[in-house]
Amino acid sequence: MDISIRKMNHTDYDVMSKWLSTKEVLTFYGDVDEPFSVEQIKNKYEARVNGQHAVTPFIVELAHTPIGYMQRYPLSEEARIEYGYPLNVHIYGMDQFIGLPEYFDQGIGTQMVRQFVDDVFHETDADMIVLDPELTNTRAIKCYEKCGFAKVKKIQQGSKWLMELKAERRHL
């Protein structure tokens, strides 16, 4: 599969709005059940696209067609404390989704997560990457486990898994 991951830019707001108006995407991504307008997307992502936010956004393309979204960010001090991590370890969080349901269950998510993990470890000082999928998002959890992530503990009142991948374990 010809998957590439590029930084998100200002021309991606329309496609993000379409993806975040899809029931299958909203089920597990985002904290709302209502579709996102282009204006809401711009308000949320413009600072990220401009490099003025801790979250760095990316668009996943399959054969040069946008199909998904990924983001990375240094885990905040508050989150490290909440999750029980020492403050001297460099930890990044990442989030992602495939925006077009017709691309679910084809191995694309596994490929994009593996590629992104390699990029995060290569481009940052990360010692570890963490994810927090909903317990009910079994498709994503299987994908993350295939990519080397391990379940650590349940968080957010038991509604999500904290999953981690340490740099030294990523190729096991």
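These are my notebook entries on two helices, the nonpolar cores, a cysteine pair and one serine in a predicted model.

**Entry 1: helix 3**

I began with helix 3, residues 38-49. I counted twelve residues in helix 3 and checked its span. The end C-alpha atoms are only 14 Å apart. A straight helix at 1.5 Å a residue would reach 16 Å, so helix 3 falls short.

Next I asked which residues of helix 3 are buried. They are I41, Y45, R48 and V49. These buried residues cover an arc of only 85° around the axis, which puts them on the same side of helix 3. I then looked up what they pack against. The partners are helix 1 (13-19), strand 2 (56-62) and strand 3 (65-74). After helix 3 comes G51, with a positive phi near 75°.

**Entry 2: the nonpolar cores**

I searched for the largest nonpolar core and found 30 residues in it. Which residues have the most contacts inside this core? I noted M70, M94, V113, V117, Y144 and F149. Many elements feed this core, each with at least two residues. Among them are strand 1 (3-7), strand 4 (91-98), strand 5 (128-131) and strand 7 (160-166). Helix 5 (108-123) and helix 6 (138-146) are also on the list. Helix 5 gives the most, with seven residues.

I took V113 as a test case. Leaving out residues up to four places away in sequence, V113 touches M70, M94, Q96, C143, Y144, C147 and F149. Apart from this core lies another, of 28 residues. V15, F36, V49 and F97 are among its residues. V49 also appears in my list of buried residues in helix 3.

In soluble globular proteins, nonpolar side chains tend to be buried together.

**Entry 3: helix 6**

I moved on to helix 6 and listed its buried residues: A140, I141, C143 and Y144. Seen down the axis, they fall within an arc of 160°, so they line one face of helix 6. What does the face turned away from the buried side carry? It carries the exposed residues K142 and K146.

The buried residues of helix 6 pack against strand 4, helix 5 and strand 5. They also pack against strand 6 (150-155) and strand 7. G148 follows helix 6, and its phi is positive, near 105°.

**Entry 4: C143 and C147**

I searched the whole structure for disulfides and found zero. Why is C143 not bonded to C147? The sulfur of C147 is the closest cysteine sulfur to that of C143, but at 4.5 Å it is too far for a bond. My cut-off for a disulfide is sulfur atoms within 2.5 Å. I checked the pair from the other end too. C147 is in no disulfide, and its nearest cysteine sulfur is that of C143.

Are these cysteines buried or exposed? C143 has 10% relative accessibility and counts as buried. C147, at 8%, counts as buried as well.

**Entry 5: S76**

Last, I looked at S76. Where does S76 lie? S76 is in the loop between strand 3 and helix 4 (77-83). Its relative accessible area is 32%, so S76 is partly exposed. The side chain of S76 reaches the backbone nitrogen of A79 at 3.1 Å. I also checked S76 against A54, which is 22 residues apart from it along the chain. Their C-alpha atoms are separated by 9.4 Å.

Terms used:
Residues numbered from 1 in each chain as written. Predicted model: local features only at pLDDT ≥ 70, side-chain atom pairs only at ≥ 80, totals over all residues. Heavy atoms only, no water. Helix = DSSP H or I, 4+ residues; strand = E, 2+ residues; numbered from the N terminus. Buried < 20%, exposed > 50% of the residue type's maximum accessible area, 1.4 Å probe, protein only. Arc of directions from axis to C-beta. Contact = heavy atoms within 4.5 Å. Core = buried A, V, L, I, M, F, W, Y, C linked by side-chain atoms within 4.5 Å. Polar contact = N/O pair within 3.5 Å; in protein donor to acceptor, adjacent residues only side chain to side chain.
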